[in-house]
Amino acid sequence: MNDNNTEVAIDEPEVYEFTRNGSSTVSFSGQTARILMAEELISTMMDFDGATESLLLQMYRNRDASGGNADPFSNPELNSETKSIKEKVAASEDYFSSNASESVQIRNEFESWISGQVSEVFPNENTLASPGQAGQIADGTSVRYVNAQGLEYNQMVTKSLIGALMTDQMLNNYLSSSVLDAGTNREDNDNEVLVDGTSYTTMEHKWDEAYGYLFGAASNQADPLTELGSADSFLDKYLGRVENDDDFAGIAEEIFNAFKRGRAAIVAGAYDVRDEQAEIIRQRISEIIGIRAVFYLESAKTILEGNSPDYGAIFHDLSEAYGFIYSLQFTRVPGSDEPYFTGSEVQSFLDRMLGDGPNGLWDLTPETLDALSDDIAAPFNFSIEEAAG
């Protein structure tokens, strides 16, 4: 109804609450379920006594090896779900609907990391890690468990899901005009044609599903900034970390307000305003991933250059950096259909992290870390000094 309508009145609420005929029109239970599934998966990856490869893969697929029903979660509500983590990894309309082979490759990489935790790390729980040898390594008072190259698989899975699941679904699927405006969505939204059995239009629901991948685990989902950073181990947590850096203070409210205003614009039928808010969210969420990738590279470099480098701390930082770098391929340059870095560019970064010698992170030099930070920060609107916090 309104393609160019910046003058249309938009009734933007104080918090993320929208109603129709007295009932809430906000729904993103599927996104909350996948966040909780991912939380249980990454927690169980560190259960050396109770976890098996079969169990962990069932948690990722929510299916058994034959594709049948499985009940892998301790939370019975998650076991009753037909959804899974895997089905939404690298599955956005814009990036993967015509690129099935790359989607399959990415999904399988997660399975290889999960399997590696059991086949490589679990048998060496009590072995001291060394170059070429998986095992445990001290990080201050903590203990990290790494593979032969110094990588923590649980950190790789956690940080890579931020990109491959949450960011890809948010930026490249639910906020995309190809999804929001699919079929008769605009006409239906203009005429308040509701999804059967619900109080919302399809377009309203798609936008809410994007919101759910950021704030779906919050106890106060309508006003999530009151507990920012504590709701999950994924985007909410790292939005909180970036918000707490003085160089980026205000980013959380900017993203929240863009979600809120975009949703109100959908109610008003102001689709140009909706799309403006989607671009704000794309830019800011992408920046969070870039900032945290550089942050962990720089943190590791500082420790590596010390007199007595703490390799446990270095490997922990670099394993987190690995996942955030992996996530860069799912970012989105505002006003474009492209990520900040392609999959092949990301793979080049990861190869460089592990390419200074035969033992991966054990051989990594400060010079390589500096070069990676320079290259990753280059297309973003922040400096290495700002990201390093």
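I began with arginine 274, which is buried at a relative accessible area of 0%. The model I am reading is a predicted one.

**Arginine 274**

I placed arginine 274 in helix H12. I then looked for a partner for its side chain and found aspartate 181, with a polar contact of 2.8 Å between the two side chains. Aspartate 181 also turns up in the contact list of arginine 274, which leaves aside neighbours within four places in sequence. The rest of that list reads Ser177, Leu180, Arg186, Met203, Trp207, Gly262, Ala265 and Ile266.

**Aspartate 272**

I stayed in helix H12 for aspartate 272. Is aspartate 272 buried or exposed? I noted 14% relative accessibility; the limit for buried is under 20%, so aspartate 272 counts as buried. I also took a distance to glutamate 87, which is 185 residues away along the chain: the C-alpha atoms are separated by 31 Å.

**Aspartate 236**

I went next to helix H10, residues 235-243, where aspartate 236 is found. Aspartate 236 has a relative accessible area of 1% and is therefore buried. Which backbone atom does the side chain of aspartate 236 reach? I found the backbone nitrogen of glycine 229, at 2.9 Å. Gly229 is also one of the contacts of aspartate 236 once neighbours within four places in sequence are left aside. The others I wrote down are Leu214, Phe215, Glu227, Leu228, Ser230 and Ala231. For threonine 127, 109 residues from aspartate 236 along the chain, I have a C-alpha separation of 35 Å.

**Serine 319**

I looked up serine 319 in helix H13, which covers residues 311-327. Its relative accessibility is 0%, so I entered serine 319 as buried. The serine 319 side chain reaches a backbone oxygen, that of phenylalanine 315, at 2.8 Å. With neighbours within four places in sequence set aside, I listed Gly150, Leu151, Glu152, Gln155 and Met156 as contacts of serine 319.

**Nonpolar core**

I counted 115 residues in the largest nonpolar core. Which of them touch the most other members? My entry is Phe110, Met170, Phe259 and Ile325. Helix H12, residues 271-304, gives the largest share of this core, 14 residues. I followed up isoleucine 325 and, not counting residues up to four places away in sequence, found that it touches Ala293, Leu297, Val346, Phe349, Leu350, Met353 and Ile376.

**Pockets**

I put the volume of the largest pocket at about 190 Å³. I read its lining as Asp94, Tyr95, Phe96, Asn99, Glu102, Gln329, Asp337, Glu338, Pro339, Phe341, Thr342 and Gly343. Helix H4, residues 93-96, supplies the largest share of that lining, 3 residues. Sorted by class, I have 4 nonpolar, 4 polar and 4 charged residues lining the largest pocket.

The second largest pocket comes to about 160 Å³. I found 14 residues in its lining, with Arg20, Glu192, Glu204, Val267 and Ala268 nearest the centre. Which elements each supply at least two residues of this lining? I noted strand E1 (19-20), helix H8 (185-190) and helix H11 (251-268). H11 has the largest share of the lining of the second largest pocket, 4 residues. By class I entered 5 nonpolar, 4 polar and 5 charged residues for the second largest pocket.

How values were computed: Residues numbered from 1 in each chain as written. Predicted model: local features only at pLDDT ≥ 70, side-chain atom pairs only at ≥ 80, totals over all residues. Heavy atoms only, no water. Buried < 20%, exposed > 50% of the residue type's maximum accessible area, 1.4 Å probe, protein only. Polar contact = N/O pair within 3.5 Å; in protein donor to acceptor, adjacent residues only side chain to side chain. Contact = heavy atoms within 4.5 Å. 1 Å grid on protein atoms, 1.4 Å probe; cavity = no way out; pocket = protein on both sides within 12 Å on 5 of 7 lines; lining within 4 Å. Points joined across faces, edges and corners; volume = space filled by probe spheres on them. Nonpolar A, V, L, I, M, F, W, Y, C, P; charged D, E, K, R; others polar. Core = buried A, V, L, I, M, F, W, Y, C linked by side-chain atoms within 4.5 Å.
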